[in-house]
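Student: I would like to learn how to read the features of a model like this one. Can we go through them one at a time?
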Amino acid sequence: QVQLVESGGGLVQPGGSLRLSCVASGSFSSIYAMGWYRQAPEKERELIASITREGHTKYAGSVEARFTISRDNAKNAITLQMNDLKPEDTAVYYCHADVLTETMNVLSPWGQGTQVTVSS
């Protein structure tokens, strides 16, 4: 079983910054891609940033140049540095990973979500 635990959400004023973290724990062989999704009220969950084990990154156009995803393979962790936050960034942010288990199955767990609110 694999668990993803996020931390770092909160309330911030427009133009401010927040840093989200996600750590994977449990029994597994390897972690492939990891990423951050977000879901605003009455909207679908969307992928905003992803990173491969080799460090290749992709971003949604709405966050590129403001958000930075990074990864520490030794700690099975990713972070999302969010700068110049805007009210439209308000959402619940979820960590996601593609995980290879010790029995060679691929799981796709989700974190519990962390609320980010951007408001003055």
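Student: Is Trp110 buried or exposed, or partly exposed?

Tutor: Read the relative accessibility. Buried means under 20% and exposed means over 50%. Trp110 has 37%, so Trp110 counts as partly exposed. Bear in mind that this is a predicted model.

Student: Which aromatic pairs does a search of the whole structure find?

Tutor: The search finds two. In one, Tyr37 and Trp110 meet edge-to-face, 4.7 Å centre to centre, with 70° between the planes. That pair links distant parts of the chain, 73 residues apart. Tyr37 is in strand β4 (residues 30-39). Trp110 is in the loop between β10 (106-107) and β11 (114-118).

Student: And the pair of Tyr94 and Trp110: what is its geometry?

Tutor: An angle over 60 degrees counts as edge-to-face. Tyr94 and Trp110 have 90° between the planes and are 6.4 Å centre to centre, so they form an edge-to-face pair. Tyr94 lies in strand β9 (residues 91-100) and Trp110 in the loop between β10 and β11, so this pair ties together parts 16 residues apart in sequence. Tyr94 has 14% relative accessibility and therefore counts as buried. Tyr37, Tyr94 and Trp110 form one aromatic cluster.

Student: Where does the charged end of Arg45 sit?

Tutor: For a charge and a ring, look at the distance to the ring centre. The charged end of Arg45 sits over the ring of Tyr94, 3.7 Å from its centre. The charged end of Arg45 also sits over the ring of Trp110, 4.6 Å from that ring's centre.

Student: Stay with the loop that holds Trp110. What is Gly111 in contact with?

Tutor: Gly111 is found in the loop between β10 and β11. Its relative accessible area is 9%, so Gly111 is buried. Leaving aside neighbours within four places in sequence, Gly111 is in contact with Leu4, Glu6, Tyr94 and Cys95. Take Cys95: Gly111 and Cys95 are 16 residues apart in sequence, but 5.1 Å apart in space, C-alpha to C-alpha.

Student: Cys95 is half of a disulfide. Which residue is its partner?

Tutor: Start from the sulfur atoms. Those of Cys22 and Cys95 are 2.0 Å apart, and the two residues form a disulfide. The count comes to one disulfide. Next, take the torsion about the S-S bond. For Cys22 and Cys95 the torsion is about -80°, so the disulfide is left-handed. The disulfide links distant parts of the chain: Cys22 is in strand β3, Cys95 in strand β9, 73 residues apart. Both Cys22 and Cys95 are buried.

Student: Now the core. Which residues have the most contacts inside the largest nonpolar core?

Tutor: That core has 30 residues. Those with the most contacts inside it are Trp36, Phe67, Ile78, Leu80, Met82 and Tyr93. Then ask which strands supply the residues. β1 (2-7), β3 (18-26), β4, β5 (46-51), β7 (67-72), β8 (77-82), β9 and β11 each supply at least two. The largest share, five residues, comes from β9.

Student: What does Met82 touch?

Tutor: Set aside residues up to four places away in sequence. Met82 then touches Gly16, Ser17, Leu18, Leu20, Arg66, Phe67, Tyr93 and Val116.

Student: Phe67 is in β7. Which side chains of β7 are buried?

Tutor: In a regular strand, side chains alternate between the two faces of the sheet. Along β7, Phe67, Ile69 and Arg71 point to one face and are buried. Thr68, Ser70 and Asp72 point to the other face and are not buried.

Student: How many bridges join β7 to β8?

Tutor: Six, and the strands run antiparallel. Asp72 stands opposite Ala77 in β8. The hairpin of β7 and β8 has four residues between the strands. There, Asn76 takes a positive phi near 55°.

Student: What do I find in the turns of the other hairpins?

Tutor: Check bridges, then the turn. Five bridges join the antiparallel strands β4 and β5, and Tyr37 stands opposite Leu47 in β5. Six residues lie between β4 and β5 in their hairpin, and Glu42 in the turn has a positive phi of about 65°. Three bridges join β5 to strand β6 (residues 57-59), also antiparallel. Ala49 stands opposite Tyr59 in β6. The hairpin of β5 and β6 has five residues between the strands, and Gly55 takes a positive phi near 100°.

Notes
Residues are numbered from 1 along each chain as its sequence is written. This is a predicted model: local features need pLDDT of at least 70, side-chain atom pairs count only at pLDDT 80 or more; totals for chains, interfaces and linings use all residues. Side-chain values use heavy atoms; hydrogens and water are left out. Rings of Phe, Tyr and Trp (its six-membered ring) pair if their centres lie within 6.5 Å; planes under 30 degrees apart count as stacked, over 60 as edge-to-face and the rest as tilted. Buried means under 20% relative accessible area, exposed over 50%, partly exposed in between (1.4 Å probe, protein chains only). A charge sits over a ring if NZ of Lys or CZ of Arg is within 6 Å of the ring centre and within 35 degrees of the ring normal. A nonpolar core is a set of buried Ala, Val, Leu, Ile, Met, Phe, Trp, Tyr and Cys residues joined through side-chain atoms within 4.5 Å. Contact means heavy atoms within 4.5 Å. A disulfide is a pair of cysteine sulfur atoms within 2.5 Å. Two strands pair if DSSP finds at least two bridges between them.
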